[in-house]
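Student: I should like to go through this structure with you and understand the grounds for each term that is applied to it.

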Amino acid sequence: MSRKISFTTLGCKLNYAETSTYERKFISEGLEVVPWTKPADICLVNTCSVTEHSDKKCRNIIRKLHRLNPDAAIVVTGCYAQLKRQEIEEIEGVRFVFGANEKAEVVPAVMAYVNGESDRRRKEGDFFLAYSSGERTRSFLKVQDGCDFKCAYCTVPYARGESRNISIADAVRQAGEIASDGIKEIVLTGVNTGDFGKTTGENFFDLIKALDKVDGIERYRISSIEPNLLTEEMVDWIASGTKFLPHFHIPLQSGSDTILKEMGRRYDTAAFEHKISYIREKMERPGAPKVFFGIDVITGFPGETEELFMETYNFLKDRIRPAFIHIFPYSRRAGTPAAARKDQVQDSVKTSRVERLEALCSQLHAEFIMANKGLKEKVLFESSDKNGRMFGYTGNYIRIDRPFDADAVGKIIDIEI
Ligand code: SF4
């Protein structure tokens, strides 16, 4: 009887892509994948450590898995595993903990355990190749890992290590494999995706140009890119009729130059605004869909007074007007320069700022939808049939809902928004 393994993933798209790769590898080793709520011999948890809350969630899930599967070997990997190994090793049921630089050891070590062998470990280099294949229509392809930027609030560089990447040739090969599964859209992921190339001496622009030529893949999105790494040259090329969609996820983090400087970000509000205007100018034509901008913002960073918060609020409302704001209350992460500051913002103040930004986001999102209403767009419908409905996304990331039609799934179809 084959041994069973379950997977639980927390956190970002990168983790989901990595978990998908673990799934494929364990299946090819002969294990049967079961839902995490079912009995299993191995329970793999891919963790996140973005906030204190994520750490707590990881611990709770590990404990819950142990209650459900008291005899299972629990395997913990991901950012939390990298940062708090000892804390995790003390939780009952945990058999293996793999940090960010040990991902290549997960499958060999677990299979050695399953096969009753001693500690058989083999390295596959320090870059863990990953793409997700759960969807029939869209796949997340990991091209980069780690970060060298060291923003004052962020533990990611410590958790995931230095910036590194697969080669362009490997990325193209993986995109080809994804296309051969019939998948038409790829989302490029990484921790600091635009910083691609440190390991191989290549660069992100050459990567996207090479990927654009892969037969079978019709659309690409970039999961997130730092504003200073998305160059005007890239924007000009993307706008010239490539497979890269008018959808950008760009971290702003603060609309106050004082706070941006204290965060150690590598741009100011003027440069950020210029980049957004440049993209709009190059990519938006009369009667054509508007560019979707999803913007990350952290509120409640130490020293963020009401006045500085309002600089962010007004910058978003009056200058950037994104289609969506991803709002994060600042989370004090031990070991970071920002955590040591005395001028922390009270939680109640952070909550109120989050609520105000959420209200602004709802208003801006509704305006974005209305600005696109009646325009012609292409939608890639996803496979799920939810209560007789199916959904898909336009190139500029508007979710479209239609009665389920099996023939339309996985196809790119013209619609009116
Ligand atoms: S760019 Fe800054 S926020 Fe993003 S992962 Fe690197 S250090 Fe963290």
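**Grounds for the terms**

Tutor: The model is a predicted one. Let us begin with R85, which lies in helix α4, residues 85-89.

Student: Why is R85 called partly exposed?

Tutor: The relative accessibility of R85 is 30%. Buried requires a value under 20% and exposed a value over 50%, so R85 belongs to the class in between.

Student: What makes the approach of the R85 side chain to V97 a polar contact?

Tutor: The side chain of R85 reaches the backbone oxygen of V97 at 3.0 Å, and the limit for such a pair is 3.5 Å. The two residues are 12 apart in sequence, with their C-alpha atoms 6.6 Å apart. Beyond its sequence neighbours up to four places away, R85 also touches Y80, F98, G99 and E102.

Student: How do you know that helix α5 is mostly covered?

Tutor: Eight of the nine residues in α5, residues 106-114, are buried. They are V106, V107, P108, A109, V110, M111, A112 and V114. Their cover includes helix α1 (13-28) together with strands β3 (42-47), β4 (73-78) and β5 (94-98). After α5 comes G116, with a positive phi near 70 degrees.

Student: What makes the phi of K150 and that of R321 worth a remark?

Tutor: K150 has a positive phi of about 60 degrees although it is not a glycine. R321, also not a glycine, has a positive phi of about 45 degrees. K150 is in the loop between β7 (144-145) and α6 (156-160), while R321 is in the loop between α12 (306-320) and β13 (324-329).

Student: Are K150 and R321 buried or exposed, and why?

Tutor: Neither term applies. K150 has a relative accessible area of 48% and R321 one of 33%. Partly exposed covers the range between 20% and 50%, and therefore K150 and R321 are both called partly exposed.

Student: How do you know that no disulfide is present?

Tutor: A search of the whole structure finds zero disulfides. For C43, the nearest cysteine sulfur is that of C58, 15 Å away, whereas a disulfide requires two sulfur atoms within 2.5 Å.

Student: Why are C43 and C147 both called buried?

Tutor: C43 has a relative accessible area of 0%, and C147 one of 10%. The class requires a value under 20%, so the term fits C43 and C147.

Student: Which residues surround the ligand, and what makes some of them count as charged?

Tutor: The ligand is surrounded by C147, F149, K150, C151, Y153, C154, V156, P157, V191, E226 and R265. This shell divides into eight nonpolar, no polar and three charged residues. Lys, Glu and Arg belong to the charged class, so K150, E226 and R265 are counted there.

Student: Why is H249 called buried?

Tutor: Its relative accessibility is 17%, and the limit is under 20%; H249 therefore counts as buried. H249 is part of strand β11, residues 244-253.

Student: What makes the pairing of H249 with D296 a polar contact?

Tutor: The side chains of H249 and D296 are joined at 2.7 Å, and the limit is 3.5 Å. Away from its neighbours up to four places along the sequence, H249 touches I222, S223, S224, I225, G294 and H326 in addition to D296.

Student: Why is V297 called buried?

Tutor: V297 has a relative accessibility of 0%, against a limit of under 20%, so V297 is buried. V297 is placed in strand β12, residues 292-299. The C-alpha atom of V297 is 5.9 Å from that of S254, although 43 residues separate the two along the chain. Beyond four places in sequence, the residues touched by V297 include L252, L316, I325 and L357.

Student: Which residues have the most contacts inside the largest nonpolar core?

Tutor: They are L188 and I295, in a core of 58 residues. Apart from it lies another core, of 18 residues, among them V45, Y80, A81 and V94.

Student: What does I295 touch beyond its sequence neighbours?

Tutor: Setting aside residues within four places in sequence, I295 is in contact with I250, L252, F272, I276, L316, I320, P322, F324, I325 and H326.

Conventions: Residues numbered from 1 in each chain as written. Predicted model: local features only at pLDDT ≥ 70, side-chain atom pairs only at ≥ 80, totals over all residues. Heavy atoms only, no water. Helix = DSSP H or I, 4+ residues; strand = E, 2+ residues; numbered from the N terminus. Buried < 20%, exposed > 50% of the residue type's maximum accessible area, 1.4 Å probe, protein only. Polar contact = N/O pair within 3.5 Å; in protein donor to acceptor, adjacent residues only side chain to side chain. Contact = heavy atoms within 4.5 Å. Core = buried A, V, L, I, M, F, W, Y, C linked by side-chain atoms within 4.5 Å. Near = heavy atom within 4 Å.
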